[in-house]
Amino acid sequence: MESSVAESDQRAQEFRHLQAVAEPFTDASSREDGRSIDKVRGPEPRKRSRPREGREGGAAPVSRTAPPEVSLSPAVYEELRALTLRERASNPTTARSYGQVVLDAIELHAVELEAHWRASGGSSGGLFQRKQAAGARRRRHSEPQARVPLAGVIASDAKVLDQLAEQWGAGSRSALVEQALRLYLSL
């Protein structure tokens, strides 16, 4: 994926260069430093003395990944959004991101969350080992879900969220996060 981004950047630079060469210069004048000025396009950009980091011949590219995402019901999303907007309005420097609110909610209600899914897992009377019904692969919803990026959640914390969802029987990260936010936001 990173190579395709680098290739597209290189193609864009080549395209701009070809455009600059193909366009006729209108009333261009030169400057003391040898760069020309075009009244339509402005000064000619400076040549780079060394390649940018992460580009060909430069240092290794920085790996950037998108934050983990969850799907939330619109009601839960609206309350989460309202909470973060209130925090930003009162003090932008201490306001929490969606991911930080989610982590706080799960830490605060961990015992209730585990009990919620352990109880809903159902158990037999103990005399027989029963075949467990396969859990639903996907949650069913009556309305479209909001996809929420959990900015502020690092990769290791995302793995812990996934492990907790599996360990507690939540079914998915989204189900775990939604239930935690329902408890945290008193919905």
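Which residues in α6 are buried? In this predicted model, the buried residues of α6 are R173, S174, A175, L176, V177, E178, Q179, A180 and L181. That makes α6 a mostly covered helix, with 9 of its 12 residues buried. As for its length, α6 reaches 16 Å from its first C-alpha to its last, close to the 16 Å expected at 1.5 Å a residue.

Before going further into the packing, a quick look at the overall layout and at the confidence. The protein chain has 6 helices and 5 strands, and from the N terminus on the elements run α-β-β-β-β-α-α-α-β-α-α. Of the 187 residues of the chain, 22% count as buried. Among contacts with a separation of 6 or more, 66% come from residues 24 or more positions apart. Confidence is uneven: the mean pLDDT of the chain is 75, and 55% of its residues reach 70 or more. Strand β1 (residues 29–30) sits at the bottom with a mean of 50, while α2 is at the top with 94.

Now for the core. The largest nonpolar core has 28 residues, and those with the most contacts inside it are L72, L80, I106, L176 and L181. Two or more residues each come from β4 (69–72), α2 (74–90), α3, α4 (110–120), β5 (146–149), α5 (155–168) and α6 (173–184). L181 shows how some of these pieces meet. Setting aside neighbours within four places in sequence, L181 is in contact with L72, V76, L80, V101, V102, A105 and S186.

One of those partners, V102, gives the view from the other side. V102 is placed in helix α3 (residues 98–108), and it counts as buried because its relative accessibility is 1%, where the cut-off is under 20%. Not counting residues up to four places away in sequence, V102 touches L150, V177 and L181. The backbone tells a similar story for A180: its C-alpha atom is separated by 7.4 Å from that of V102, although the two residues are 78 apart along the chain.

Further along α3 comes L108. With a relative accessible area of 54%, L108 is exposed. Its C-alpha atom and that of Y184 are separated by 7.8 Å, for two residues 76 apart along the chain. Another long-range pair involves E114, found in helix α4. The C-alpha atoms of E114 and Q167 are separated by 8.7 Å, with their positions 53 residues apart along the chain. E114 counts as partly exposed, at 30% relative accessibility.

What about the segment after α6? S186 lies there, and its phi is near 55 degrees, a positive value in a residue other than glycine. S186 counts as exposed, at 65% relative accessibility, yet it also appears among the contacts of L181.

Back in helix α2, T84 is worth a look. It is buried, with a relative accessible area of 0%. A polar atom of the T84 side chain lies 2.9 Å from the backbone oxygen of R81. Leaving aside neighbours within four places in sequence, the contacts of T84 are R96, S97, Y98 and V101. Of these, V101 is also in contact with L181.

Y98, another contact of T84, has a ring partner too. A search of the whole structure finds 1 aromatic pair. This pair is formed by Y77 and Y98 and is edge-to-face, at 6.2 Å centre to centre and 70 degrees between the planes. Y77 lies in helix α2 and Y98 in helix α3, so the pair ties together parts that are 21 residues apart in sequence. Y98 itself is buried, with a relative accessible area of 16%.

Taken together, α3 has several links to its surroundings. V102 of α3 touches V177 and L181, among others, and Y98 of α3 pairs with Y77 of α2. Both α2 and α6 also give residues to the largest nonpolar core, as does α3.

Technical notes
Residues are numbered from 1 along each chain as its sequence is written. This is a predicted model: local features need pLDDT of at least 70, side-chain atom pairs count only at pLDDT 80 or more; totals for chains, interfaces and linings use all residues. Side-chain values use heavy atoms; hydrogens and water are left out. Helices (H or I, at least four residues) and strands (E, at least two) are DSSP runs, numbered from the N terminus. Buried means under 20% relative accessible area, exposed over 50%, partly exposed in between (1.4 Å probe, protein chains only). Contact means heavy atoms within 4.5 Å. A nonpolar core is a set of buried Ala, Val, Leu, Ile, Met, Phe, Trp, Tyr and Cys residues joined through side-chain atoms within 4.5 Å. The expected span of a helix is 1.5 Å times one less than its number of residues. A polar contact is a pair of N or O atoms within 3.5 Å; within protein, one must be able to donate a hydrogen and the other to accept it, and residues adjacent in sequence count only if both atoms are side-chain atoms. pLDDT is the predictor's confidence in each residue, from 0 to 100. Rings of Phe, Tyr and Trp (its six-membered ring) pair if their centres lie within 6.5 Å; planes under 30 degrees apart count as stacked, over 60 as edge-to-face and the rest as tilted.
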